[in-house]
Amino acid sequence: MWLYLLALVGLWNLLRLFRERKVVSHLQDKYVFITGCDSGFGNLLARQLDRRGMRVLAACLTEKGAEQLRSKTSDRLETVILDVTKTESIVAATQWVKERVGNTGLWGLVNNAGISGHLGPNEWMNKQNIASVLDVNLLGMIEVTLSTVPLVRKARGRVVNVASIAGRLSFCGGGYCISKYGVEAFSDSLRRELSYFGVKVAIVEPGFFRTDVTNGVTLSSNFQMLWDQTSSEVREVYGENYLASYLKMLNGLDQRCNKDLSLVTDCMEHALTSCHPRTRERKVVSHLQDKYVFITGCDSGFGNLLARQLDRRGMRVLAACLTEKGAEQLRSKTSDRLETVIPDVTKTESIVAAT
């Protein structure tokens, strides 16, 4: 019986290997649209696919980047200037792609455009520090995808999104890890939706590679900028030693990064061309009656129920409601310990007042 089982496992692995090595036919007729081609993975992938004979449509942020790319590729490759943070730029680029692919549709969309932004403790960040990264890495990627996916669906093609292991591990604060986690979630939902139409969605998670995103000088400069913008109280808590050690780590990042970008672009090419946490601790925190808990969204639902539940446990609940009516109803069902405040989480001044 064990021999039969081993034989089945062996045959299954051979079939899987065969399917993974099978290449899509007529690559020279396939159009691939790649964002972020000025440098890094996007630039290398554009040149790599051009050598394979594919019809590459490369989106660059600057005309200089586009010129340099064209000088290293064949006449088949075409470039367009795209800023993924601007809707009008995405609309224009999509129309440009549509004019070129015609009725054949777009075989491949590679969402590669991205920035590192500010990396550092979340406590040092403000809303704009995080939003500027989300605009490129997540919201820009989503808008580009939604704009071009009808063309991909027409060709029953592929979508390849560049995520990051940082999205899974979140090794630092700021918008980068958050954005890449969002890329994973969006890709997972897109994969289920588009599989019905024969479209495949893949995620590539590069490790540490030497690109503009991992440029140690830029990262350390941004880290210093974050330090300078934080309050004196925060700087006192963290101290100059923390700043110095982090800057030393960032400045040496380039030397620790793998230089062979083709390891990642090979994965991208393959995607385009090949046919509950368990709670272990039951010990309860002591002195619950001395603990303050701030909860947002307490007008109804989970927030409302949690506020009442913790109030019964004796904790000091500070409940944020969107409306005065919601706050009144909550206070009528709880003890005098519970206090309410009315913040609007979409308004910075309201958040500051509540804090």
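This is a short dialogue on how to read some features of a predicted model.

Reader: I am new to this, so let's begin with the aromatic rings. How many aromatic pairs does a search of the whole structure find?

Author: The search finds five aromatic pairs. Let's take one of them as an example. In a pair, you look at the distance between ring centres and at the angle between ring planes, and planes over 60 degrees apart count as edge-to-face. For Tyr238 and Tyr242, the centres are 5.1 Å apart and the planes stand at 65 degrees, so this pair is edge-to-face.

Reader: Where do Tyr238 and Tyr242 lie?

Author: Both belong to helix α9, which covers residues 232-251. They are four residues apart, about one turn of the helix.

Reader: Which other residues do ring pairs link with Tyr238 and Tyr242?

Author: Trp124 and Trp227 join them, and ring pairs link the four into a cluster.

Reader: Are Tyr238 and Tyr242 buried or exposed?

Author: The answer lies in between. A residue is buried under 20% relative accessible area and exposed over 50%. Tyr238 has 25%, so it is partly exposed. Tyr242 has 29%, so it is partly exposed too.

Reader: A ring can also have a charge over its face. Which residues lie over the faces of Trp107 and Phe197?

Author: Lys30 lies over the face of Trp107, at 4.5 Å from the ring centre. Over the face of Phe197 you will find Arg153, at 5.3 Å from the ring centre.

Reader: Now for helices. How do I read the crossing of α5 and α7?

Author: Start with the axes, and ask how close they come and at what angle they cross. Helix α5 spans residues 127-155, and helix α7 spans residues 175-194. Their axes come within 8 Å and cross at roughly 15 degrees. Angles under 35 degrees count as roughly parallel, and therefore α5 and α7 are roughly parallel to each other. Their crossing is right-handed. Residues making the contact include Ile130, Leu134 and Met141 of α5, and Ile178, Val183 and Phe186 of α7.

Reader: What about α2 and α11?

Author: Helix α2 holds residues 40-51 and helix α11 holds residues 262-273. Here the axes come within 9 Å and cross at roughly 55 degrees, which makes α2 oblique to α11. This crossing is right-handed. Among the residues that meet are Phe41, Leu44 and Leu45 in α2, and Val264, Met268 and Leu272 in α11.

Reader: Let me return to α7. Is Glu184 buried or exposed?

Author: Glu184, which is found in helix α7, has a relative accessible area of 3%, so it is buried. To see what surrounds a residue, leave aside its neighbours within four places in sequence. Glu184 is then in contact with Ala163, Ser164, Arg168, Ile203 and Glu205.

Reader: And Leu219, where is its place?

Author: Leu219 is in helix α8, residues 216-229. At 4% relative accessibility, Leu219 counts as buried. Distance in sequence and distance in space are two separate things to read. Leu219 and Gly117 are 102 residues apart in sequence, and their C-alpha atoms are 7.8 Å apart in space.

Reader: One last feature: what is phi of Arg156 near?

Author: Phi of Arg156 is near 50 degrees, a positive value in a residue other than glycine. Look for Arg156 in the loop between α5 and β5. With a relative accessible area of 52%, Arg156 is exposed.

Notes:
Residues numbered from 1 in each chain as written. Predicted model: local features only at pLDDT ≥ 70, side-chain atom pairs only at ≥ 80, totals over all residues. Heavy atoms only, no water. Phe/Tyr/Trp six-rings, centres within 6.5 Å; stacked < 30°, edge-to-face > 60°. Helix = DSSP H or I, 4+ residues; strand = E, 2+ residues; numbered from the N terminus. Buried < 20%, exposed > 50% of the residue type's maximum accessible area, 1.4 Å probe, protein only. Lys NZ or Arg CZ within 6 Å of the ring centre and 35° of its normal. Contact = heavy atoms within 4.5 Å. Axes fitted to C-alpha atoms, helices over the stretch in contact; angles between N-to-C directions. Parallel < 35°, antiparallel > 145°, perpendicular 65-115°, else oblique. Left-handed = near helix turned anticlockwise from the far one by under 90°.
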